[in-house]
Amino acid sequence: MKPETLAIHASNLVKNTTGDVTPPINLSTTFFRDENGGYPGGHMYSRVSNPNRSALENTVAKLEYGEDAAAFASGNNCGMSLFQALKPGSHILAPDDMYWGIKKQLLTIFNDSLEFDFVDQTDLELIKKSIKPNTQMIWIETPSNPLLKVTDIEEIAKIAKANGAILVCDSTFGTPVLQNPILLGANIVMHSSTKYLGGHSDVLGGIVVTAKKDEFWEKIRNIQQTGGAVPSPFDCYLLCRSIKTLAYRVKGHCESGKTVADYLVRHPNVEAVFYPGLESHPQHEIAKKQMKDFGGMMSFLVKGGVEETIKVVNKVQLFAQATSLGGVESLIEHRYSVEGPDSKTPKNLLRISVGLEHVDDIIADLAQALG
Ligand SMILES: *Cc1c(COP(=O)(O)O)cnc(C)c1O
């Protein structure tokens, strides 16, 4: 089945006596055993598994062409679980503009137990040179946050394989309908499902998909079930509901994203636009090779300095000045002031998540704010 069809039907496969077409929210934390001590319903205790979470995991595993998936309480918790699964002393090669919340985990939680380097992963030679004997994981994020850098998944997968490292791709900006890292050689794909999968800025979650049910995957599953940072049945239900429209929402985000990027590029008060769909984007060719379309995320530099930038962000009316992304509503954010003084993000950078309002209204709002 095509992704549009799978997204609608994969989570609906529950047959029960009430004949629901849409699976109900199953709040039971515990499940009946039979006379032989087995669990005829397939579930024992809802930290370990429950029907709504299984429906979500099966759906995203299918959409990402993986063998299995594990849902967590947040995108960040996917990072925690993947790092916890590594042997102490392992080395991770991560991107220099890694999502700051996950970078912070390495710097402040795993700083005593793991080694890591942050490098510009658009430079394949630099990646090869940065591999160490104890490199167990290469972590990529593409397109990246907030500079929308695109890394070559297929080429980095070859480097990871040649060096016996696990390739993890944070594909949150990509979404399962725009790119499928497992088909390009990644071992693990993760999404902050808070973003496009949820799509309505009302549910927090993360999901990890594996290419193979191997030994590393057993560890992840154990960390999920025993660690217990799992999403609630209601959160899983909301995500299954949202995923049904994912393909069509993403189509809208991409279409308007392209129009907004073309508008910003030509605006006299804009210094630069970072959007993988622009021919001027340094990795546009790689984006074309590995993505079906270019998404609704972009960032741009406002001409002048930080003062002019803050003025723009305070003048928008339709856009919400707020963090996060991937929802139906357009969001705008001054990343530097969120990331703090250690951030390498330019001070005149604004990141926008193009929503599903009419693109004329989105552009009118940017026009009045940019002057
Ligand atoms: C938001 C985000 C995360 C973290 O996800 P949460 O659900 O906020 O914990 C990780 N990676 C990327 C690229 C993100 O945008």
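These questions and answers cover the pockets, the ligand site and one loop of a predicted model. Local features need pLDDT of at least 70, side-chain atom pairs count only at pLDDT 80 or more, and totals for chains, interfaces and linings use all residues. Residues are numbered from 1 along each chain as its sequence is written, and side-chain values use heavy atoms, with hydrogens and water left out.

Q: What volume does the largest pocket have?
A: A pocket is an open set of points on a 1 Å grid over the protein atoms alone, where a 1.4 Å probe fits, with protein on both sides within 12 Å along at least five of seven lines. Its volume is the space filled by probe spheres set on the points, which are joined across faces, edges and corners. For the largest pocket that gives about 450 Å³.

Q: Which helix gives the most to the lining of the largest pocket?
A: Lining residues have an atom within 4 Å of a point. There are 17 here, and Lys103, Glu339, Asp342, Ser343 and Lys344 are the closest to the centre. Helices are DSSP runs (H or I, at least four residues), as strands are (E, at least two), numbered from the N terminus. With 5 residues, the top contributor is helix H4 (residues 100-108).

Q: How many charged residues are in the lining of the largest pocket?
A: Asp, Glu, Lys and Arg count as charged; Ala, Val, Leu, Ile, Met, Phe, Trp, Tyr, Cys and Pro as nonpolar; the others, Gly among them, as polar. The lining has 5 nonpolar and 4 polar residues. The charged count is 8.

Q: Which residues are the closest to the centre of the second largest pocket?
A: This pocket has a volume of about 340 Å³. Its lining takes at least two residues from each of helix H3 (75-84), H4, strand E6 (188-192) and helix H13 (335-339). Of 23 lining residues, the closest to the centre are Asn76, Tyr99, Ser192, Thr194 and Lys195.

Q: Which residue has a polar side-chain atom 2.6 Å from an oxygen atom of the ligand?
A: The ligand is surrounded by 14 residues (a heavy atom within 4 Å). Polar contacts are pairs of N or O atoms within 3.5 Å. A polar backbone atom of Asn76 lies 2.7 Å from a ligand oxygen, and a side-chain N or O atom of Ser192 lies 2.8 Å from one. The 2.6 Å contact belongs to Thr194.

Q: What share of the ligand's accessible area does the protein cover?
A: Areas come from the Shrake-Rupley method with a 1.4 Å probe. On its own, the ligand has 380 Å². The protein covers 93%.

Q: Which residue has a positive phi although it is not a glycine?
A: Look in the loop between strand E4 (135-141) and helix H6 (153-162), where Pro143 sits. The peptide bond from Thr142 to Pro143 is cis, with omega near -15°. Another cis bond joins Asn145 and Pro146, with omega about 5°. In this loop too, with phi about 55°, is Leu148.

Notes
A polar contact is a pair of N or O atoms within 3.5 Å; within protein, one must be able to donate a hydrogen and the other to accept it, and residues adjacent in sequence count only if both atoms are side-chain atoms.
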